[in-house]
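Please open the structure in a viewer and keep the selection tool at hand. The tour below proceeds by selections, one after another.

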Amino acid sequence: RVEGGTRIFELTARAGTTEFMSGTETRTWGFNGAHLGPTLRATRGERVAVEVSNELDETTSVHWHGMHLPPQMDGGPHQSVEPGETWLPAWEIDQPAATLWYHPHPHGETEKHVYMGLAGLFLLDDDASQAATLPSEYGVDDVPVIVQDKKFDDAGQLTLDSDGNEVGLLGDVVMVNGTVGAYHEVTTGRVRLRLLNGSTARTYSFGFEDRQVDLVATDGGLLPEPVRSDQVRLAPGERAEIVVEMTPGEAAVLRSSDPDLGGVAAPFAFGGNDTFDVLELRPAEGLEPSPEPEWVWEDTGLREADAVVTRSFELQGRKINGLRMDMNRIDEVVTVGDTEIWEVRNLHPVSHSFHVHDVQFRVLSVDGEPPPPELSGRKDTVYLEPNRTYRLIMRFEDYTDPDWPYMYHCHMLLHEDEGMMGQFVVV
Ligand code: C2O
Ligand code: CU
Ligand code: CU
């Protein structure tokens, strides 16, 4: 609803049950319903507010992943919502169109809260995204695809037992929007899929066996131009928008297969040889051809020559720069308005998924080389291959606050909960 110029959303975290498999009631958590949450949507320039209520028996929080907003509204571990309480963050949408998402961020408990089903999409629109003539009828040719893997115990309940796997839980059931064996009836010549890897640990590689896709957007919005791709790799927390051409009357299956994890030691333990059918697209006979997308790209304006600070972050064990997360320690102090380079080094034979709150960054280089085209747009989360250095450029535009920090962390949620996270303030 809109009141006094503010668009107001309501999200209530609650426990319930979901029938994933017929005849079995699985205990789940959801926003407003029993599992997952509604898609929120707002336009650049709009003021939004969310009434976040917690009807669970435990403390939670709701973080707006990818959103540029004041730290007190960020929904990180410092903005906890106690059982029975309501929290009311409000901010102005001030960034390009993108597929963002929201999920809890309670200290040390994020993996469980997301895994139980607390997650949803937050879509942003702007003039450029509307001018880009991409398929944009929500649920028709513009389809949300939240991908999550789950593991069930013998009683049909969700289990987070990862058998001590260092990556976290790798479930053997992959769901789209909470549905096993998902399909979508397509009525248009092209369809746009908004992919979110909402899994706790698993990295996917999405593609079709019989066709390429156009990768049109990553975490923070459109790419400089569409990138023709066979496979799109997504680590936990990352998003991608792809446009797929349909063949009338012929089903096409989006699949995740053999993700290239980039030299991870023991890739099998990381799901490196797993293959899943994710979503079947069932186009009608005699489809209307969709128009070729026209392209509008808003430059990030992030130039290496403008950078005034370089910081380095070394990831090893469950630590960043040798330290585990401490709620009472500020790790980095950033000056507002500065453009910075964050040099992120993965010193581990395993992969991580590095995420920074508040900003969209651009990848300047990977091990000194220019990044591949899929990393040329706005990003807030990036897959870190083992033993590589990623140079990220970002600018901290506004919202100073010496007391309330933002987070940076690994988005593999077991790693995050075990302390692979740090805090920065903007002053
Ligand atoms: Cu998606 Cu700090 O989180
Ligand atoms: Cu975030
Ligand atoms: Cu990690």
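Select residues 189-247 first. This stretch of the predicted model is 0% helix and 63% strand, and its end C-alpha atoms are 8 Å apart. UniProt, in an unreviewed entry, includes residues 189-247 in the feature "domain: Plastocyanin-like", together with residues 15-127 and 314-427. Select residues 314-427 next: that span is 4% helix and 46% strand, with 24 Å between its end C-alpha atoms.

**The sheet of five strands**

Return to the middle of the chain and display the strands S14, S22, S21, S16 and S19. In that order they form an open sheet with mixed pairing. Strand S14 (183-188) and strand S19 (232-234) are its edges, each pairing on one side only. From one strand to the next, the twist averages 25°.

Within this sheet, select strand S16 (residues 204-207) and strand S21 (residues 252-257). The two run antiparallel and are joined by two bridges. Which residue of S21 is the bridge partner of Gly-207? The partner is Arg-255.

**The sheet of seven strands**

Now display another open sheet, whose seven strands follow the order S13-S12-S11-S15-S20-S17-S18, again with mixed pairing. Its edge strands are S13 (179-180) and S18 (221-229), and each of them pairs on one side only.

Select strand S11 (residues 142-150) and strand S15 (residues 190-197) here. Six bridges connect them, and the pairing is parallel. To inspect one bridge, pick Pro-144, whose partner in S15 is Arg-194.

**The start of the chain**

Move to the first residues and select strand S1 (residues 2-3) with strand S2 (residues 6-18). They run antiparallel and share two bridges; Val-2 stands opposite Arg-7 of S2. The hairpin of S1 and S2 has two residues between the strands, and Gly-4 takes a positive phi near 55° there.

Keep S2 selected and add strand S5 (residues 47-54). Do S2 and S5 run parallel or antiparallel? They run parallel, joined by eight bridges. Phe-9 marks one place to look, as it stands opposite Val-50 in S5.

Add S3 to the selection as well. S2 and S3 pair in the antiparallel sense over six bridges, and Thr-18 has Thr-26 in S3 as its bridge partner. With S1, S5 and S3 all displayed, S2 can be seen pairing antiparallel with S1, parallel with S5 and antiparallel with S3.

**The domains and their contact**

Finally, colour the protein chain by domain: domain 1 (2-127), domain 2 (142-288) and domain 3 (304-426). The centres of domain 1 and domain 2, taken over C-alpha atoms, are separated by 22 Å. How many residues does each of these two domains bring to the contact? Domain 1 gives 23 residues and domain 2 gives 21 residues.

Look at the side of domain 1 that touches domain 2. Strand S3 (26-31), strand S9 (98-103) and helix H1 (110-115) each supply at least two of its residues. H1 provides the largest share, four residues. By residue type, this side of domain 1 is made up of twelve nonpolar, eight polar and three charged residues.

As a last selection, show S3 alone. This strand pairs with S2 and also supplies at least two residues of the side of domain 1 that touches domain 2.

Conventions:
Residues are numbered from 1 along each chain as its sequence is written. Chains are lettered from A and ligands numbered from 1 in the order in which they are written. This is a predicted model: local features need pLDDT of at least 70, side-chain atom pairs count only at pLDDT 80 or more; totals for chains, interfaces and linings use all residues. UniProt positions are given in the numbering used here, feature names are shortened, and annotations may be inferred rather than shown by experiment. Two strands pair if DSSP finds at least two bridges between them. Axes are lines fitted to C-alpha atoms, for helices over the stretch in contact, and angles run from 0 to 180 degrees between N-to-C directions. Domain bounds come from an automatic or database domain assignment. Two residues are in contact if their C-beta atoms, placed from the backbone, lie within 7 Å. Ala, Val, Leu, Ile, Met, Phe, Trp, Tyr, Cys and Pro count as nonpolar, Asp, Glu, Lys and Arg as charged, and the others, Gly among them, as polar.
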